[in-house]
Amino acid sequence: MSTLREDGDSAMPAMSEIDGLREQMIDELRELGAILTPEVERAFRTVPRHVFVPEVPLHKAYAAEQHVVTRRDERGVTLSSVSAARIQAFMLEQAEIRPGMRVLEIGSGGYNAALITELVGEDGEVTSIDIDPAVVDRARRLLAVAGYGRVNVALVDGANGEPEHAPYDRIIVTVEAVDLATAWVDQLAEDGRIVVPLRVRGLNRSVGFQREGEHLVGRDYKVCGFVPMQGIGAKPERLVELHEGEGEEVGLRLDDERQVDVPRLRAALRGLRAEAWSGMAMGIGMPYDDLDLWLATSLPGYALLAATRPARERGLVAASSPMGVSTLIDDAGASFAYLAIRPANAERTLFEFGAMGHGPDAQKTADRLCAKVQDWDRHYRGKRAEFRAHPASTPNDRLSVGWILDGASRITITWPSITG
């Protein structure tokens, strides 16, 4: 690929500038633990990321944590984006792609397909599909510009896969999914692997599923965020609005079919408030993603509290997050409690976890959530869950013990047994 340089009055990026920014990105991806192997590093060094995100300046194109929105609907909702390089890197590492493999990418954009092409080499084959004609056209155009015109780009509903080029050694899903579609499993090679951003009760985890006989087993998972799947595989979340003040919105995100009493929950936000503290503390910057996953898979009344920073500043809630904070709705549906933290030392380097409750049973609900935090701390902290996808026809007595996500596949999420 030729690189344009500064010419007269038209400022074009010089090769040295691009190379410098790319090396900075790769260094950061290594420091973040996103790039682990020489093969993935070489792919990131080879593919010109800026060609696939011409909408943004170079420093943003090569920022490790920068995603770029490429298409929105008439309401401004994101329909397609080029993911942050960090997420693309760790998903490629999860996929364990080797030369000569046949790979299907579900959710197109161009850049990721080019990276995969570098990994499979001349003897491999890459197919990239998307449901949106504008996204497909864009991917085809930019792949050709960057020199990767041999990628098969097709306009297809992602839930159907692409049988024409199957079976696939690897399937990489780059849109948020709530299930493993039947077509993906059917089109996967006997020893194949699927990497999918799976939504679990509102939480997003990129899971690397390896085929093991009739099952797909995932022990490697990481936090991620993606645009939700469209088409027949779409399953929107519900947002229960508790407070609708301008800029001070508070709501509960629900990812199942259960019915809730919205007026009672709104009243709970305005009602009694209580707190409970677990005695479990973590250092600043330490991840607690597995605590969220543990709560999501052990609490029937799990939800996510989404609130703006002004809502917290006003005192409506004690935690703010646009994505959501782990929350328990009580069995009566009249009270709720959400995860909270407070400084545990004067230096503010250690933080204790607890719960804030609202509603007529605020204290009881906060205590119950807090007890779950303590349970995780005593028995599961430092341990990892196992995801296992079973055929949809599998009866309950043949499923792994754990939380069950039912759909085209029956996915169980199981934590290690408590011993001693």
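# Two sheets, a pocket and a cavity

Three bridges connect strand 9 (residues 215–223) with strand 17 (residues 386–391), and the two strands run antiparallel. Within this pairing, Leu216 is placed opposite Ala389 of strand 17. Helix 10 (residues 289–296) packs on the sheet and touches strand 7, strand 8, strand 9, strand 17 and strand 18. The direction of helix 10 makes about 80° with that of strand 8. The model described here is a predicted one.

The pairing of strands 9 and 17 belongs to an open sheet of ten strands, whose order is 5-4-3-6-7-8-9-17-19-18 and whose pairing is mixed. Strand 5 (152–155) and strand 18 form the edges, each of them pairing on one side only. On average, neighbouring strands of this sheet are turned by 20° against each other, direction ignored. Strands of a sheet pair through backbone hydrogen bonds, in either a parallel or an antiparallel manner. A second helix may be added to this picture: helix 5 (residues 85–95) lies across strand 6, strand 7, strand 8 (203–212) and strand 9, and runs at about 145° to strand 7.

Several parallel pairings of the ten-strand sheet can be followed strand by strand. Strand 3 (residues 102–106) is joined to strand 4 (residues 125–130) by five bridges, and the two run parallel. Strand 3 is also joined to strand 6 (residues 168–173), by four bridges and again in parallel. Ile106 takes part in both pairings: Ile129 stands opposite Ile106 in strand 4, while Val173 is the bridge partner of Ile106 in strand 6. Four further bridges link strand 6 to strand 7 in a parallel arrangement, where Ile171 faces Ile194 of strand 7.

How far are these strands covered? Strand 4 is mostly covered, with five of its six residues buried. Strand 6 is likewise mostly covered, and five of its six residues are buried. Helix 6 (residues 111–120) is mostly covered too, with ten of its ten residues buried. Among the buried residues of helix 6 are Tyr111, Asn112, Thr117 and Glu118, together with Leu115, Ile116 and Leu119. Gly121 follows helix 6 and has a positive phi, near 75°.

The second sheet is also open and consists of seven strands in the order 10-11-13-14-15-16-12, with antiparallel pairing. Its edge strands are strand 10 (238–243) and strand 12 (273–283), each pairing on one side only. Neighbouring strands of this sheet are turned by 35° against each other on average, direction ignored. Inside the sheet, five bridges join strand 13 (residues 302–307) to strand 14 (residues 321–329), and these two run antiparallel. Leu305 is found opposite Val325 of strand 14. Helix 12 (residues 362–379) lies across strand 12, strand 14, strand 15 (336–343) and strand 16 (350–358), and it runs at about 15° to strand 12.

Arg273 is located in strand 12. Is this residue buried, partly exposed or exposed? Arg273 has a relative accessible area of 42% and is therefore partly exposed, since that class lies between the limits of 20% for buried and 50% for exposed. Leaving aside neighbours within four places in sequence, the contacts of Arg273 include Gly315, Leu316, Val317, Tyr338, Met356, His358 and Ala362. Val262 is eleven residues from Arg273 in sequence, and the two are 18 Å apart in space, C-alpha to C-alpha.

The empty space of the model remains to be described. Rolling a probe the size of a water molecule over the atoms shows where such space is left. The second largest pocket has a volume of about 460 Å³. Of the 23 residues that line this pocket, Val178, Lys235, Leu405, Asp406 and Gly407 are the closest to its centre. Strand 7 (188–200) and strand 18 (403–406) each contribute at least two residues to the lining, and the largest share, four residues, comes from strand 18. By class, the lining of the pocket comprises 13 nonpolar, two polar and eight charged residues.

The structure also holds one cavity of 30 Å³ or more. The largest cavity has a volume of about 30 Å³, and its lining is made up of Arg201, Arg253, Leu254, Asp255, Asp256, Arg258, Tyr302 and Ala303. Strand 11 (250–254) and strand 13 each supply at least two of the lining residues. The lining of this cavity divides into three nonpolar, no polar and five charged residues.

Note on methods: Residues are numbered from 1 along each chain as its sequence is written. This is a predicted model: local features need pLDDT of at least 70, side-chain atom pairs count only at pLDDT 80 or more; totals for chains, interfaces and linings use all residues. Side-chain values use heavy atoms; hydrogens and water are left out. On a 1 Å grid over the protein atoms alone, a cavity is a set of points where a 1.4 Å probe fits but cannot get out, and a pocket is an open set with protein on both sides within 12 Å along at least five of seven lines; lining residues have an atom within 4 Å of a point. Grid points are joined across faces, edges and corners, and a volume is the space filled by probe spheres set on the points. Ala, Val, Leu, Ile, Met, Phe, Trp, Tyr, Cys and Pro count as nonpolar, Asp, Glu, Lys and Arg as charged, and the others, Gly among them, as polar. Buried means under 20% relative accessible area, exposed over 50%, partly exposed in between (1.4 Å probe, protein chains only). Two strands pair if DSSP finds at least two bridges between them. Axes are lines fitted to C-alpha atoms, for helices over the stretch in contact, and angles run from 0 to 180 degrees between N-to-C directions. Contact means heavy atoms within 4.5 Å.
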